[in-house]
Every structure is written in C-alpha cells, then in structure tokens.
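Please walk me through this protein structure. I have not seen it before and would like a plain account of how the chain is put together.

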Amino acid sequence: MPLQHIGFHKTIGFSAVTVMAAAVSMFSQQALAHGYLEGERGDLCVQGVNQSCSNVDPADTEHPGTFPQGGPPDGQIASATRPYDVLDEQSEDRWYKTGMSPGKNDFTWNIPAQHISDNFRYYITKPGWNSNAPLSRSAFESTPFCEIEDEGLPGNPTHECNVPERNGYHIILAVWQVAYTGAEFYSVLDVNMDGEPQDPTDPGDPTDPGTGGVINGDFESGDFNGWNVYGGNAGVDSYNTYEGQGKAYFWGDSGYEQSLDQTVTGLEDGTYTISAMVKQNTGRANTSRLEVSGYGGDDVYANIPHGDSYVEVKATVDVVGGAVTVGFYQEAPGNTNLQIDNVKIVEGGDDGDDGVCIP
C-alpha cells in the first residue's frame, strides 16, 4: 500500500516514538537509548514503514570517535556497530525513501535521554554514489553541508539546513556529537531528491515520478533489461553517468544507425511527460533524438543537442489506449557518441519544449 502520507518536501518531522521502557532502573542508565533524527531509517523501522527491522532502537546507534576520521567502520555506519545489523543492509530498493527537494529543509531530533551536546553535522552522498554497495565514508561528501554548534541546549532541536542539489536516491547522514563522552550518534535518512516519496513495498504506480512505469530507466541493472535494442553500437556501463551507477551509450568507430525503445503499458489515459538526461559530446551526430510513439497520436521527436554536459530532453503527449513507446535514435559518422540516463514518465504536462510531431 502506498505510504504517501509519510512523505514531505521541505520539513522532516514524524510523531515521536518512545524507545525506552519506563521501568528501566537507574543502574542501567548507561544502556539507555539517547537520540535520533526523526524519519531516519531506524525510526521508520519502529513505525512499521520499513519492513523486517522492527527490533531496532533508533536512538541507540552510538559509537566513539569523530566521523569521518573516526566512528564506525565502513559497512556499519548505519548501525554504528550496535546489535542492529539489519540497518546496514544497503540496496537501491531496500528502504523507504522520503521525498525531499534541494534547498532549505528542517531536520528535527528526538532526544529522550538528554546529553550536553557539542554539535550536529549533516553529510550527503556524492553524485554517482553506488546505492547497491555497503555504505562507506567514500560514498559521502567529506565536508558536512550543514553544521550546528548548539552549545549544549536541551530539548529536541530542529535545524534548518540548505540541502545541496541532487537527483534520485541519496542518503543524508546526521551525526550528533556529545560534548563529554567522546561519542557520536548516527542517523541515516533515505531520501528521494526528486521530491516524491518512494515505497519499496508498493508494487508501483505507473504515474509515480520515481519510475513512471519505465523498466530499468536508469540502467542500474547494468544491462538492457526492459529495452529493445536495434543495431550493434549500444552498451551499458558505469562511466560518466548522470546519476547512479548505470547509463546507456551509443558509439561506433565507423558510421552507424542505432536505436533502442521500450513500450510502457498500464497507463491511465491522460497527459504524460517523457524525459531523459542525455549527453552527445563526442563527434556530431547527423540525427540524434528522443522518439515517442504508440500513444494514440503522431510520433513525436525531440532533438538531442551537441554539448559538453548532460541536458534534459522531453516530450509531452496525450496517451489514449494506456500505452506509450519511448525510444532513442541516432544516425552518426564514426567516433560519435550518445549517453542516456534517468528515463522517466511523469503524469501531467510540461511548459518546456515538447518536441515536434511527425505525421
């Protein structure tokens, strides 16, 4: 079942979860949980949003040392080596992703056992990080994008931070440093930076902006799963991607024609925008374009420009009959490339250039 009510765009805040038993005696005070970022991975386990992890204590992820020089070892950053190994499971689809947009966002902490704080720091994964590898220091930017010196103020603080530009799935690592123990608390927040939540237990909504029903639209599978390929000048690799660890490419030492396409079905009739991030920077193609067909109208072509950076190419069509075919075509001389990533279908129109109808 979709969990859209849990997502948010600009404010992170969830109902408080009591993580300590009221009957814990004073002699066990040192074992009590201490604090966590609301909405982080373990918090959503307790709430039942993340599955098969209800035994975790989100406020108990404490580890000595200062991150990134110290702290928990790579592969155990989410659990902080506490007895919650499940938190260290890492893949593209393992965890619920909260919707977030770049820019100002509020981050709220739940601290049931107060300590004198030193600071709070927020790190984010790098563009192109490997979301299917165990979480490591190298996945994160080395400098926090937000740092709060709170001088030991009590309570459950909320921090306004400016989140950097990102696309798709990323992780925000929030670290709370306690002033007098030499330890830090670790919270891992899984986010979809395209602004909409994504639930891995949901079988999928073809109008969801995360995929829009496109199979392997970011080529993270490392192959052409879901796509039809016409010609021998196409491949998939992880070099110079727009986002993540996969992209499709066209290339030939001599002149070639190459295309690939995919038919997306199960759409409700209505207006959809098809988009992709593309780069055609080596050689100059005679023809390079996004092609949209099979939706109940004339074929639509959106030309792909030559340039040094990834650009978005898109087309908006009115689907009749519940299906649309998304394709890419290039006719080019030798030593000419095309790179394709993040192919999506989103319900609704777009005010940009929607391509040219070809009767």
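**A guided walk through the chain**

Among contacts in the protein chain between residues at least 6 apart in sequence, 76% join residues at least 24 apart. The model is a predicted one. The protein chain has one helix and 21 strands. It holds 359 residues, and buried residues make up 50% of them.

Two individual residues give examples of places that are separated in sequence. One of them is T273, which lies in strand β15 (residues 270-279). T273 has a relative accessibility of 8%, below the 20% limit, and therefore counts as buried. Its C-alpha atom is 5.6 Å from that of A315, although T273 and A315 are 42 residues apart in sequence.

The other is D88, which sits in a loop, between β3 (62-64) and β4 (98-99). D88 is buried as well, with a relative accessible area of 17%. The C-alpha atoms of D88 and P134 are separated by 7.1 Å, and the two residues are 46 residues apart along the chain. What is D88 in contact with, leaving aside its neighbours within four places in sequence? The residues are G75, Q76, I77, A78 and S79.

The strands come next. Strands of a sheet pair through backbone hydrogen bonds, and the pairing is either parallel or antiparallel. One open sheet in this model has five strands, in the order β12-β13-β20-β15-β18, and its pairing is antiparallel. Which strands stand at the edges? They are β12 (234-237) and β18 (311-319); each has a single partner strand, so one side of each is left without a neighbour in the sheet. On average, neighbouring strands of this sheet are turned by 30 degrees against each other, direction ignored.

At one edge of this sheet, β12 pairs with strand β13 (residues 247-252) in the antiparallel sense, over four bridges. Within that pairing, A234 has F250 of β13 as its bridge partner.

Another antiparallel pair is made by strand β5 (residues 103-110) and β8, which are joined by six bridges. Here K104 has N162 in β8 as its bridge partner. In a regular strand the side chains alternate between the two faces of the sheet. Along β8 this alternation can be followed residue by residue: H159, C161 and V163 point to one face and are buried, while T158, E160 and N162 point to the other and are not buried. The bridge partner of K104, N162, thus belongs to the set that is not buried.

C161 leads on to the disulfides. A disulfide is a covalent bond between the sulfur atoms of two cysteines. How many disulfides does a search of the whole structure find? The search finds two. In one of them C161 is bonded to C146, with the sulfur atoms 2.1 Å apart. The link of C146 and C161 is left-handed, with -60 degrees about the S-S bond. This pair links distant parts of the chain, with C146 in strand β7 (residues 146-148) and C161 in strand β8 (residues 158-163), 15 residues apart. Both C146 and C161 are buried.

The other disulfide joins C45 to C53, with an S to S distance of 2.1 Å. The link of C45 and C53 is left-handed, at -100 degrees about the S-S bond. Are these two cysteines buried or exposed? C45 and C53 are both buried. With bonded cysteines counted along the chain, the disulfides follow the pattern 1-2, 3-4.

Aromatic rings are the last topic. The count of aromatic pairs, with ring centres within 6.5 Å, comes to 14. Why is the pair of W176 and F185 stacked? The ring centres of W176 and F185 are 4.9 Å apart and their planes are at 25 degrees, under the 30 degrees that stacking requires, so the pair is stacked. W176 is buried, at 0% relative accessibility, and F185 is buried with a relative accessible area of 0%. Elsewhere, F67, Y123, F140 and Y186 form one aromatic cluster.

Rings also meet charged side chains in this model. The charged end of K97 sits over the ring of Y169, 4.7 Å from the centre of that ring. The charged end of R289 sits over the ring of Y301, at 3.8 Å from the ring centre.

Terms used
Residues numbered from 1 in each chain as written. Predicted model: local features only at pLDDT ≥ 70, side-chain atom pairs only at ≥ 80, totals over all residues. Heavy atoms only, no water. Disulfide = S-S within 2.5 Å. Buried < 20%, exposed > 50% of the residue type's maximum accessible area, 1.4 Å probe, protein only. Helix = DSSP H or I, 4+ residues; strand = E, 2+ residues; numbered from the N terminus. Phe/Tyr/Trp six-rings, centres within 6.5 Å; stacked < 30°, edge-to-face > 60°. Lys NZ or Arg CZ within 6 Å of the ring centre and 35° of its normal. Contact = heavy atoms within 4.5 Å. Pairing = 2+ DSSP bridges. Axes fitted to C-alpha atoms, helices over the stretch in contact; angles between N-to-C directions.
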